Amino acid sequence: CTVCQKELNFQSGGKNHLRAHTCTPGHITAVSGKKSTGGGILQYLPDRTLQDNCTAAEVMFVNFLVEHNISFNTMDHFTTLVKNMFPDNKIAKNFQCGRTKSTYVLKNALALHVRDPLFANLHGLFSLIVDESTDRGDDKQLAMIVKYYDENQLRVEKKFYRLRIVNSATGENLFKALKDAFQADNIKCETVMGLGADGAANMIGKNNSLMSRINHLYTLHCVCHVSRICASDAYNFFVELFWHFHHSEVLKGYQEFTDTVIHKILKPCSTRWLQLEGNNGKYALLAYFRSHEDERDKKIQKLRAWFEDPLTRLHLMFLSANLPLFTKFNVMFQAKQPNIHRLTQEMNQFLRNFLSRFVKQSVVSPTVRPQDVNYTIIDNQKFDCDLFIGLLMRALVDQLLDDGSLSREEENKFYSDVRNFYMAGTKSLIKKLPLDDQVRKDAEMLRPSRKDILQTAMRLARFPNIIQEGQLEQLQEECFSYECDTDLPDDEDNIEKYWGLVGKLMDISGDKKYPILAKLAKAILVLLHNSADVERLFSQMTLVKTQLRNRLNNDTLEDILSVKVNTDYCCYKTKPCAKLLKKAKSATYDYLKQLQNSDY
């Protein structure tokens, strides 16, 4: 009560108890000493503006903790600290948000506020990216990312969906975790269009996998995984080199001694697709290994022999010249915008570029599919002097031959190794890349410049759960109209927005011109071609659940990731809206109720 200057605790009754308080002798005495404001009973209620500002401050600071991976234990001290820092500020004086209340605000306000619009979009067609990993607590976790078309933003979105613990990563357990999550969130399994995953058998294997239990899913092995596998011949050496210098300052000392730019040896990893190029060509370590001549360690002897081999430098420089081709391809398909309509063309171009480095140009003809090129016949391959090894590499070979550091036998062996690398890489690319996938070929109809779409659209319409059987004739009519329409959107560079605008076009009667065609296009846009987002999620998880926060339970970790990953604004730009403040107040009420019950 602002008149009596005391706090009142009413478990029930609300205004009735407040009116009863106004009749008490103490309150009447306090009122008699003050001039009436004529405000009635409302004058004794707290300042709503101050209360809202305090709630907003609490929400903003919890969001700050989430964004910067700060433990909620900080709040126990910060609540007192902020009062001491700003003693004259009313908001600071009324700021009350310890670690337990912060958890309530995260779970029942911030996380819900982020998930509500996400779940609303998942009642339409979407694709699912999944992967499993083991966290610091040795729990096997299934991470799920969803890809859907946002009609409000006219763009494809990828958002974190759920994180579930599975006892063992069998196909049966993965499916049960996914099914339970869908049922809890009232999402139909039939709305899932595609599944993106790595090539593990429990994910996309033909038998007893997650994919085998959802028959209608369109599945593709992540092309980023594929291209990395094809370029990984040099990984074994870097793995051994990393573990030799793991947690050691010896390398830094030798780099300083030899006046070499100090570099850290990165740990090779199957999901760090762009890393091999960064690992390559940096290490001037021959002096170190030569200083261990007497060492009997077989690993050191193996590495020393590798560095002393005159072909080692040539191999590293050759890899440096070729890895950018793989890196560029990976970067293109790790982008956030959908590139499914470009995948077939870019894969074919990527393979042609790779073939042209060792196969004669007359053989790699534009009229011949790159996967049909007979690259193993020696007569179809270029001469040694024409093989692509890089300009610096070519100059180095000539120099080493001139000064006698490289013999003709070693030169011939080097060129033989180059050919073997190219042939092994080509064989792996043809085997693993989905070059003949019909859906990805048909996805090229999404290009705004492509107008002959009828046959392609009718093939894609057979895709499960997109077009109903009775809508095929209407789709055919829309394709005819689209092919000759001269009033289509001009935004051809942004394919997501283009098809969103096509779906909004109206005819003269006020009806949508292309509702079925636009729905088909948006469904194809959400199909997957990589699983990079779920790998990024695991990177975020390692930043959140550290050794100091290893007791963070899975539910709280899931809520933290929902807020952290699914929002793209900075903490200081957060302005809690009325809906979020209402959720935060409800979370505060739940916290106070739980606190009250714990006292009894």
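1. Start with lysine 140: at 26% relative accessibility, this residue counts as partly exposed. Keep in mind that we are looking at a predicted model. The partner here is glutamate 132, and the two side chains meet in a salt bridge with an N to O distance of 3.7 Å. Glutamate 132 is partly exposed too, its relative accessible area being 23%. With a cut-off of 4 Å for nitrogen to carboxyl oxygen, the 3.7 Å pair of lysine 140 and glutamate 132 makes the list.

2. How many salt bridges does a search of the whole structure find? The count is 26. As background, side chains of opposite charge can pair when their charged atoms come close. The next few points pick out some cases worth a look on screen.

3. Have a look at glutamate 58 and lysine 101, whose side chains form a salt bridge at 3.1 Å, N to O. This pair ties together distant parts of the chain, since glutamate 58 belongs to helix H3 and lysine 101 to helix H6, with their positions 43 residues apart. Is the pair buried or exposed? Both glutamate 58 and lysine 101 are buried. For glutamate 58 the relative accessibility is 5%, and buried means under 20%, so this residue falls on the buried side of the cut-off.

4. Staying with glutamate 58, you'll find this residue in helix H3, which covers residues 48–67. Cysteine 97 is another residue to check there: the C-alpha atoms of glutamate 58 and cysteine 97 are separated by 6.4 Å, although the two residues are 39 apart along the chain.

5. Over in helix H6 (residues 99–121), serine 102 is one to zoom in on. Its relative accessibility is 0%, so serine 102 counts as buried. What does the side chain of serine 102 reach? The target is the backbone oxygen of glycine 98, at 2.7 Å.

6. Lysine 413 and aspartate 417 make another salt bridge, with the closest N and O atoms 3.2 Å apart. Both sit in helix H18 (residues 408–432), and because they are 4 residues apart, about one helical turn separates them. Lysine 413 is partly exposed at 45% relative accessibility, and aspartate 417 is partly exposed as well, at 23%. Elsewhere, Lys107, Arg115, Arg162, Arg164, Asp185, Glu558 and Asp559 are joined into one network by salt bridges that share partners.

7. Now for surface charge. Which residues gather in a patch of negative charge on the surface? They are Asp487, Asp490, Glu492 and Asp493. Glutamate 492 sits in the loop that runs between helix H21 (472–483) and helix H22 (495–504). Its relative accessible area is 44%, so glutamate 492 is partly exposed. Patch members need over 30% relative accessible area and no salt bridge, and glutamate 492 clears the area cut-off because its value is 44%.

8. Last, a nonpolar spot: Leu81, Met85 and Phe86 make a surface patch of about 290 Å². Methionine 85 lies in helix H4, which spans residues 74–85. With a relative accessibility of 44%, methionine 85 counts as partly exposed.

Key
Residues are numbered from 1 along each chain as its sequence is written. This is a predicted model: local features need pLDDT of at least 70, side-chain atom pairs count only at pLDDT 80 or more; totals for chains, interfaces and linings use all residues. Side-chain values use heavy atoms; hydrogens and water are left out. Patches are made of residues with over 30% relative accessible area and no salt bridge: like charges are joined within 9 Å, nonpolar side chains (Val, Leu, Ile, Met, Phe, Trp, Tyr) within 5 Å. Accessible areas come from the Shrake-Rupley method with a 1.4 Å probe; for residues, only the protein chains shown count as cover. Lys and Arg count as positive and Asp and Glu as negative; His and the chain ends are not counted. The place of a charge is taken as NZ of Lys, CZ of Arg, CG of Asp or CD of Glu. Helices (H or I, at least four residues) and strands (E, at least two) are DSSP runs, numbered from the N terminus. Buried means under 20% relative accessible area, exposed over 50%, partly exposed in between (1.4 Å probe, protein chains only). A polar contact is a pair of N or O atoms within 3.5 Å; within protein, one must be able to donate a hydrogen and the other to accept it, and residues adjacent in sequence count only if both atoms are side-chain atoms.
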